[in-house]
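Dear colleague,

I am passing on the structure we spoke about, and my notes follow below it. Please read them with the structure open beside you.

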Amino acid sequence: MKLLFQGDSITDAERKREDPHDLGNGYPKFAAKFLKERFPEKEIEFIDLGISGDQTINLVERLQADFIDIQPDIVSILIGVNDTWHRAESRDWLSDEKYEENYRTVLEAIKTKTNAKIVMIEQFLLPAEDKLYFREDLDPKIQITRKLAREYADIFIPLDGLLASHICHDDWQKVSEDGVHPTYFHGAEVIGKIYADYVEKLIK
């Protein structure tokens, strides 16, 4: 079984780019650890091709080489926060329509050109004061992610809501010091555990 992690810096997490099996220091490392522990009898090849800074358009640009050519059995995608963050200072937001078009292009290609099961993870933001205004653009795009998940996902992980619940009675900076990038170990491990809990049903 071949499981492909795709996304931005949250997935990249300082992985060694020359080695697609290097899972960096982020949630893929812990997700793989938990899944291996739960399914020691399964041969699972974990591949991480997340690239720091990526937006939905970048996934469109590398669809062939980094999705289709790999022919994974499971592909998981965590993308979208940079579509907001990279435009936040000017508030020249990417239109919701273009965001949906980009993401849909990726999902449609996976659906029609591979046999992969699709795991979609919604983008998230913890309550960092300097980024609270991101919500004016991020929240509508999260709703688009959820809409697309209803159409395409075999598994959907509502991470923005799940992390909001997780930090409700705890210090959110234990999970992410800047509101976006998970801390190592704690934040990455929390997300990795959530991931394994949702995705294990595809492994069984």
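The protein exposes about 9200 Å², and carbon and sulfur atoms supply 48% of that area. Please keep in mind throughout that this is a predicted model, and that the values in this message were computed from it.

**Overall fold**

The protein has nine helices and five strands, which follow one another along the sequence in the pattern β-α-α-β-α-α-β-α-α-β-α-β-α-α. Its radius of gyration is 16 Å, close to the 17 Å that the globule rule gives for 204 residues, so the protein is as compact as a globular protein of that length. Taken along the principal axes, the box that its C-alpha atoms fill comes to roughly 45 × 35 × 30 Å.

Of the 204 residues, 53% are buried. If one takes the contacts with a separation of 6 or more, 78% of them are between residues 24 or more positions apart. As for charge, the protein carries 27 positive and 40 negative charges, and the mean positions of these two sets are 4 Å apart.

**Two loop residues**

I looked more carefully at two residues, beginning with S52, which lies in the loop between β2 (45–48) and α3 (56–61). S52 has a relative accessibility of 43%, and it counts as partly exposed because this value falls between the 20% and 50% cut-offs. Although S52 and G7 are 45 residues apart in sequence, their C-alpha atoms are 7.9 Å apart in space. Leaving aside neighbours within four places in sequence, S52 is in contact with D8, S9, D12 and R17.

The second residue is E122, found in the loop between β4 (117–121) and α7 (135–152). Is E122 buried or exposed? With a relative accessibility of 0%, E122 counts as buried, because the cut-off for that class is under 20%. A polar atom of the E122 side chain lies 2.9 Å from the backbone nitrogen of D160. D160 also appears among the residues in contact with E122 once neighbours within four places in sequence are left aside, a list that includes F156, I157, P158, L159 and G161 as well. The other residues in contact with E122 on that basis are L78, I142, T145 and R146.

When you go through the model, you may find it helpful to view these two loops in turn, starting with S52 in the loop between β2 and α3 and then moving to E122 in the loop between β4 and α7.

With best wishes

How values were computed
Residues are numbered from 1 along each chain as its sequence is written. This is a predicted model: local features need pLDDT of at least 70, side-chain atom pairs count only at pLDDT 80 or more; totals for chains, interfaces and linings use all residues. Side-chain values use heavy atoms; hydrogens and water are left out. Helices (H or I, at least four residues) and strands (E, at least two) are DSSP runs, numbered from the N terminus. Buried means under 20% relative accessible area, exposed over 50%, partly exposed in between (1.4 Å probe, protein chains only). Contact means heavy atoms within 4.5 Å. The radius of gyration is taken over C-alpha atoms; the globule rule is 2.2 Å times the number of residues to the power 0.38. Accessible areas come from the Shrake-Rupley method with a 1.4 Å probe; for residues, only the protein chains shown count as cover. Lys and Arg count as positive and Asp and Glu as negative; His and the chain ends are not counted. The place of a charge is taken as NZ of Lys, CZ of Arg, CG of Asp or CD of Glu. A polar contact is a pair of N or O atoms within 3.5 Å; within protein, one must be able to donate a hydrogen and the other to accept it, and residues adjacent in sequence count only if both atoms are side-chain atoms.
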